[in-house]
Amino acid sequence: SDPQPILKVENLEAWYGESKALHGMNFDVREGELVTLIGRNGAGKTSTLRSIMGIVGNRTGSIQFRGKELIRKRTYQIAQEGIAYCPEERAIFASLSVAENMTLPPVLRPGGLSDKDLFEAFPNLHARRKSGGSKLSGGEQQMLAIARILRTGSRFILLDEPSEGLAPVIVKQIGTQILRLKEQGFTIVLVEQNLQFARLVADRHVVVENGQVVDTLTPEDLSADLDRVKTYLGV
Ligand code: ATP
């Protein structure tokens with residue numbers, strides 16, 4: 001039997017000021033699962049991650065994580081519950097070294113990877129540990145953005161378009177890292193426009209349109225009906 005969902009999003013609505021971005025999102029994520037949010041630009045994928053993390057203007061509905069309601073919690077409390085967020089812009093501090101960037105997020109729970117483990121898992125980052133953040137390639141920045149949240153001890157990760165702007169060979173490396181996290185039991189919600197990449201790593205795809213979930217697809221559905229999926233994405 002399927003494990004119970006550890007994240008349950010119900011009727012989630014979100015606003016930026018007067019402007020409504022989410023119109024009642026409903027989806028679940030089970031322990032150890034990798035779920036993608038796919039859909040065209042402006043559909044509400046990023047806003048969904050930001051709403052889970054409590055960084056939109058206002059939100060209503062329900063976000064239950066391991067049985068606890070997050071909808072009225074603040075961002076730091078949500079992080080303490082064990083959810084980590086890796087934003088699309090990666091948020092690497094240009095004036096700090098790789099090693100300094102790595103140690104920025106606080107360790108919030110037991111079970112986080114040590115610096116030694118991280119540098120073993122990301123040998124490129126070890127080679128560049130003294131380089132400034134501004135000297136990194138896009139791929140190295142993305143690796144660093146993922147590596148540093150693994151220190152916090154969170155086992156539930158929200159990843160926004162890690163493949164964005166990267167060369168195919170680097171996208172493959174990121175995919176390998178993400179699959180490794182999945183093997184280690186991390187649960188991941190991934191926003192992804194790159195269908196090839198999404199297919200490689202995901203257990204399930206949640207299709208977002210106009211701030212709502214309009215479909216849920218297995219990898220088999222996606223492969224069988226790629227044309228339909230492409231119309232969802234407007235590509
Ligand atoms: P993209 O891939 O382009 O980021 P998305 O599916 O992640 O697309 P969101 O970024 O979540 O979509 O945007 C959902 C809606 O919210 C869009 O209508 C967008 O214009 C609006 N929106 C997003 N960020 C803001 C903001 N900071 N202020 C006002 N409106 C915003």
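Reader: Which residue has its backbone nitrogen 2.7 Å from a polar side-chain atom of Thr-187?

Author: This is a predicted model, in which local features need pLDDT of at least 70 and side-chain atom pairs count only at pLDDT 80 or more, while totals for chains, interfaces and linings use all residues. Residues are numbered from 1 along each chain as its sequence is written, and side-chain values use heavy atoms, with hydrogens and water left out. A polar contact is a pair of N or O atoms within 3.5 Å; within protein, one must be able to donate a hydrogen and the other to accept it, and residues adjacent in sequence count only if both atoms are side-chain atoms. The backbone nitrogen 2.7 Å from the Thr-187 side chain is that of Gly-32.

Reader: Is Thr-187 buried or exposed?

Author: Thr-187 is found in strand 8 (residues 187-191); strands (E, at least two residues) and helices (H or I, at least four) are DSSP runs numbered from the N terminus. Contact means heavy atoms within 4.5 Å, and beyond four places in sequence Thr-187 touches residues including Ile-6, Val-29, Arg-155 and Phe-156. Buried means under 20% relative accessible area, exposed over 50%, partly exposed in between (1.4 Å probe, protein chains only). At a relative accessible area of 0%, Thr-187 is buried.

Reader: Which residues does Thr-48 contact, leaving aside neighbours within four places in sequence?

Author: Thr-48 lies in helix 1. Its relative accessibility is 0%, so Thr-48 counts as buried. Its contacts outside that stretch are Leu-22, Met-25, Phe-27 and Leu-37.

Reader: Which element gives the largest share of the shell around the ligand?

Author: A residue is near the ligand if one of its heavy atoms lies within 4 Å of it. Residues surrounding the ligand include Tyr-16, Arg-40, Lys-45, Thr-46, Ser-47, Glu-161 and Gln-193. The largest share, three residues, comes from helix 1 (residues 45-53).

Reader: How much of the ligand's accessible area does the protein cover?

Author: An oxygen atom of the ligand is 2.7 Å from a side-chain N or O atom of Lys-45. A backbone N or O atom of Thr-46 also lies 2.7 Å from a ligand oxygen. On its own, the ligand has 620 Å² of accessible area, and the share covered by the protein is 59%.

Reader: Why do the buried residues of helix 10 line one face?

Author: In helix 10 (residues 226-233), Val-229, Tyr-232 and Leu-233 are buried. The arc is that of the directions from the helix axis to the C-beta atoms. These buried residues line one face because, seen down the axis of helix 10, they fall within an arc of 95°.

Reader: Which residues are exposed on the other side of helix 10?

Author: The buried residues pack against strand 3 (34-38), helix 8 (195-201), strand 9, strand 10 and helix 9 (219-224). On the other side of helix 10, the exposed residues are Asp-227 and Thr-231.

Reader: What is the relative accessible area of Asn-210?

Author: Asn-210 is not a glycine, yet has a positive phi of about 45°. Asn-210 sits in the loop between strand 9 (204-209) and strand 10 (212-217). Asn-210 is exposed, with a relative accessible area of 60%.

Reader: And what is the relative accessible area of Arg-66?

Author: Arg-66 has a positive phi near 45° and is a residue other than glycine. Arg-66 lies in the loop between strand 4 (58-65) and strand 5 (68-69). Arg-66 is partly exposed, at 41%.

Notes:
Accessible areas come from the Shrake-Rupley method with a 1.4 Å probe; for residues, only the protein chains shown count as cover.
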